[in-house]
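Biologist: Please give me a close look at the packing inside this model. Keep it brisk, and explain each term as you use it.

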Amino acid sequence: MPSYRSLVRTPEFTPLFLGSAAQTAAQTVGGLALGTLVYRATGSPLLSAVSMFGPSLAQVLGATVLLSGADRLPPRTALSAIALAFAAGTAVQALPGLPVGAVFAVLLALGLVASLGGGVRWGLLNEILTKDGYLPGRSLFNMMNGLMQVAGFATGGALLAALSPRACLLLSAALHLTAALVLRLGLSARRPRTTGRPSPSATWRANALLWSSRPRRLTYLGLWLPNGLVVGCESLYVPYAPHAAGTLFAYGALGMFAGDVTVGRLLRPEVRRRLATPLLLLLAVPFLVFCARPPLLVAAVCVTVASAGFGASLVQQERLMELTPGELAGQALGLHSAGMLTLQGVGAALAGAVAQFTSPAAAMTGTAAGSVCVTLALATAARRTPGRRSPAPPAQAVPPPASAPERSPS
């Protein structure tokens, strides 16, 4: 397995990594600022939760009509344009006097734009690295994501104590703009992986193929459902601890970093493959403690331990790539990303709605229990699936439209 040092020396890996880091920092600072702004304006745990994770709900629409662009658009142009769109949208959210309804309209638009981002980014990473380099490469990205969230939530919490949420949103917009410049200047022009024009029909056709395999379906559900319900717990940090939400988010990011290091670098492949279900259970079980409304220190320990379970996604993504033909890698990873973010938005909305009528602690406990039940049900279904190591379907299973011209590189 390639070392992290060799990955950094791979051409184009570093600008993709740095651009993604800037975007993660921007989303972290901006999400905390927006959640705080909405909670101060409305006092609603539901609206606060949806404002932080609501763009994810729009991903399901993008996944059904736009996702074919993940393999049919020049990666450099697509990634730069997505970062610019987020810079503009975040700056609009910082406008004084913007109604809450307009804030959510912007969130919906950004969610649609973001539905392409995961597929383009991870498809490009799969193209840049060798086959055995994708897992450590994705592990390094996840570690970066954890570290940037630790820094972003800690910095965001400090900035919110000194500045207004709108000022923090402007800082987030500047970070998105920085990401766009890094990606545009650092990546080379590449042709799309698949010929043809992006279209809803191409998206539906490839999604139908990806969904037609029972092993892939179970892998997708394992990537989406337990994760999404646990993010519902995370979406309630602001109403649970209004003055220490940044602390809880930072400890969660630290636990995620530890889990990714362990799974991505320290575990042997034969051990790693057996840990998907235990890690998903670890992701949810510590949140059951919140039924007792623990103090901040105990809550932070539970959040840290639970977040190590996010390392399960590395195991599941490795499985997904084993089951997917190469020319569909971008859309397969984009479907994973869009579905995961959509279910995170659903989890946040569900947890926020329950908290609206009960309490944040009760809602966190209930969604964690739901995650445990879903994980056990999926593990049972996977054991009953014949041929769980079946090969990927042949490359010609999804032919491009005959009349579609090849796109030029960006």
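Modeller: What follows goes through helix pairs, then nonpolar cores, then single residues.

This is a predicted model, where local features need pLDDT of at least 70 and side-chain atom pairs count only at pLDDT 80 or more, while totals for chains, interfaces and linings use all residues. Residues are numbered from 1 along each chain as its sequence is written, and side-chain values use heavy atoms, with hydrogens and water left out.

Start with helix pairs. Two packed helices are described by the angle between their axes and the distance between the axes. Helices here are DSSP runs (H or I, at least four residues), numbered from the N terminus. Their axes are lines fitted to C-alpha atoms over the stretch in contact, and angles run from 0 to 180 degrees between N-to-C directions.

Take helix 6 (residues 75-93) and helix 8 (residues 117-128). They pack at an angle of about 140°, and their axes are 10 Å apart. The pair is therefore oblique. Angles under 35 degrees count as roughly parallel, over 145 as roughly antiparallel, 65 to 115 as roughly perpendicular, and the rest as oblique. Helix 6 passes helix 8 in a left-handed crossing; that is, the near helix is turned anticlockwise from the far one by less than a right angle. Pro75, Ala78, Leu79 and Ile82 of helix 6 meet Gly117, Val120, Arg121 and Leu124 of helix 8. Contact means heavy atoms within 4.5 Å. By class, this contact has six nonpolar, one polar and one charged residues. Ala, Val, Leu, Ile, Met, Phe, Trp, Tyr, Cys and Pro count as nonpolar, Asp, Glu, Lys and Arg as charged, and the others, Gly among them, as polar.

Now turn to helix 11 (residues 200-211) and helix 19 (residues 329-357). Their axes come within 10 Å and cross at roughly 80°. That makes helix 11 roughly perpendicular to helix 19. Helix 11 brings Ala202, Thr203, Ala206, Asn207 and Leu210 to the contact, and helix 19 brings Gln331, Ala332 and Leu335. These residues divide into five nonpolar, three polar and no charged.

Next, the cores. A nonpolar core is a set of buried Ala, Val, Leu, Ile, Met, Phe, Trp, Tyr and Cys residues joined through side-chain atoms within 4.5 Å. Buried means under 20% relative accessible area, exposed over 50%, and partly exposed in between (1.4 Å probe, protein chains only). The largest core has 54 residues, and Tyr237, Leu248, Phe287, Phe290 and Met364 touch the most other members. Another core, of 39 residues, lies apart from it, with Phe13, Leu16, Leu67 and Tyr134 among them.

Finally, single residues. Ala179 lies in helix 10 (residues 165-186) and is buried, with a relative accessible area of 0%. Ala179 and Leu18 are 161 residues apart in sequence, yet 7.5 Å apart in space, C-alpha to C-alpha. Beyond its neighbours within four places in sequence, Ala179 contacts Gly19, Ala22, Gln23 and Ala83.

Most residues other than glycine have a negative phi. Glu12 is not a glycine, but has a positive phi of about 75°. Glu12 sits in the loop between helix 1 (4-8) and helix 2 (13-42). At 13% relative accessibility, Glu12 counts as buried. Arg293 also has a positive phi, about 50°, and is exposed at 54% relative accessible area.

Notes
Helix = DSSP H or I, 4+ residues; strand = E, 2+ residues; numbered from the N terminus.
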